[in-house]
Every structure is written in structure tokens, then in C-alpha cells.
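Let's take a quick tour of this one, starting on the inside and working out to the surface. Have the model open as you read.

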Amino acid sequence: PFTWSVWFKLDSVLSTGTSVLIAQADDPGQNRISPVLKVANGVLAFSSFDISSGVNELADDEGSQLATDQWYHAVISSHADGKRDLYLDGDLAATGTWSSFGQVLDNTYFGVRGGLNLDEALLDGSLDEARIYSRALSPAEVFELYQSNPQRGKLSLQPNPDAFGTTTITVTVEDGGLDLDLATTADNSTFTRTFDVTVNPLNDT
């Protein structure tokens, strides 16, 4: 049993092809790679391979196409009975069961395929808060990881009494850069999202 958990952000999304988040593989020069948590054809997926059963794969059941410049939380939880649960942002995205674990390989790679062709399936983006557990996490534990991560923020809006209409809210988050210092702005980066909030009128007299 094991669980992989990672936050990721894509700078580009391949409509065809694979971007590796976490993978196990042979030493460089060897061809075996399994298992793999990845973005395949723009969708979160997980696969494993061995000689006896070939390739087994899970992909987000809803086929949700991932966007760029947005942080996502991905988890694969592998149980002792062969059940695999794939989660996206705290919600179960796909589940499946197969008896084979996949090949037990020596090296764990982040953002790269590993093995024979190190430059294949490179992740164009960022990873953060990667975690590896030697057990299968429960759905509640996965959701707690998603909720507690500092990548998430919370915004509250309190309308004025008896007021209604639509307001536009713009949220800008600034990162301290490589030196983790907001005061040195040269290496800082910002991320901005704008959305509308509509409060409908209610006749409660």
C-alpha cells in the first residue's frame, strides 16, 4: 500500500501526450517506468505496468481538462487489495482495482519520466508539498490534506442589509520568490483572479 500526494500547477497543457508528476523508474538507461501519476492528454491520470498484466490506467472519470496557472491537488492511494483511488482537489476522480502493483523500481522521480529517456514527459510547471506515505490514505485524510494546504485561501463576503446586485471581486496573490522575501520585489511573482458575485433580491416582507 502507498499514497502519493502533490500540489501542481501547469504552465502549459499538452492536448496529446504526458506530463509526469511523480514516477518510479529504473536507473537512467533502462526502459522500465511504473507506477506513474501524471497529466495525460490534459487530464489527471495514474498508470502502472508489469510484464504479466501490461498497462493498467485510471483517468479522471469526468475528463476534466486541467487549466494553466492554477494550483491543483492530486492524490493516488493504492490499497493492499489492489484498489486504486485517484483524487483531484479532494474529490474522488476515478477508482479501479487490479491485482498487480507494477514493477518495484529503485528510483522516484518528480516532474520527469526517468529511466531510459530522462527528457521525455517533462512537466512544464511547478510542484509543491509532495508527500509519500507507506499506507493508503482514507478519503477523509485526503480531503483534510486538500483543505489544510497553505496553497488554499478563503474569502468571505458580507453583503449590506437589504442590498442586492452584482459586484466584481479581484484577488491578487503575491509570492515572495526564491528568497521568500516579499520586500525584495525583483524575484516576486503575482497571480490574479477576477470573479463576479451576484446577490439576488428577496421579498421577505
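## The space inside

The largest cavity holds about 30 Å³ of space. Keep in mind that we're looking at a predicted model here. Searching the whole structure turns up one cavity of 30 Å³ or more.

So which residues line the largest cavity? One run of names comes from early in the numbering: Leu-10, Ser-12, Val-13, Leu-14, Gly-17 and Ser-19 are among the lining residues. The lining also includes Val-39, Ala-40, Asn-41 and Gly-42. Sorted by class, that makes five nonpolar and five polar residues, with no charged ones in the lining. Gly-17 and Gly-42 land on the polar side of that count because Gly is classed as polar.

## A greasy spot outside

Now turn to the surface. Leu-155, Val-171, Val-173, Phe-191 and Phe-195 make up a nonpolar patch there, covering about 410 Å². Two elements each give two or more residues to the patch: β11, spanning 165-175, and β12, spanning 189-199. If you want a place to start looking, try Val-173, which sits in strand β11.

## The chain as a whole

How many helices and strands does the protein chain have? There are twelve strands and one helix. Going along the sequence, the pattern reads β-β-β-β-β-β-β-β-β-β-α-β-β, and the chain counts 205 residues, 37% of them buried.

Methods. Residues are numbered from 1 along each chain as its sequence is written. This is a predicted model: local features need pLDDT of at least 70, side-chain atom pairs count only at pLDDT 80 or more; totals for chains, interfaces and linings use all residues. Side-chain values use heavy atoms; hydrogens and water are left out. On a 1 Å grid over the protein atoms alone, a cavity is a set of points where a 1.4 Å probe fits but cannot get out, and a pocket is an open set with protein on both sides within 12 Å along at least five of seven lines; lining residues have an atom within 4 Å of a point. Grid points are joined across faces, edges and corners, and a volume is the space filled by probe spheres set on the points. Patches are made of residues with over 30% relative accessible area and no salt bridge: like charges are joined within 9 Å, nonpolar side chains (Val, Leu, Ile, Met, Phe, Trp, Tyr) within 5 Å. Accessible areas come from the Shrake-Rupley method with a 1.4 Å probe; for residues, only the protein chains shown count as cover. A salt bridge is a side-chain nitrogen of Lys or Arg within 4 Å of a carboxyl oxygen of Asp or Glu. Helices (H or I, at least four residues) and strands (E, at least two) are DSSP runs, numbered from the N terminus. Buried means under 20% relative accessible area, exposed over 50%, partly exposed in between (1.4 Å probe, protein chains only).
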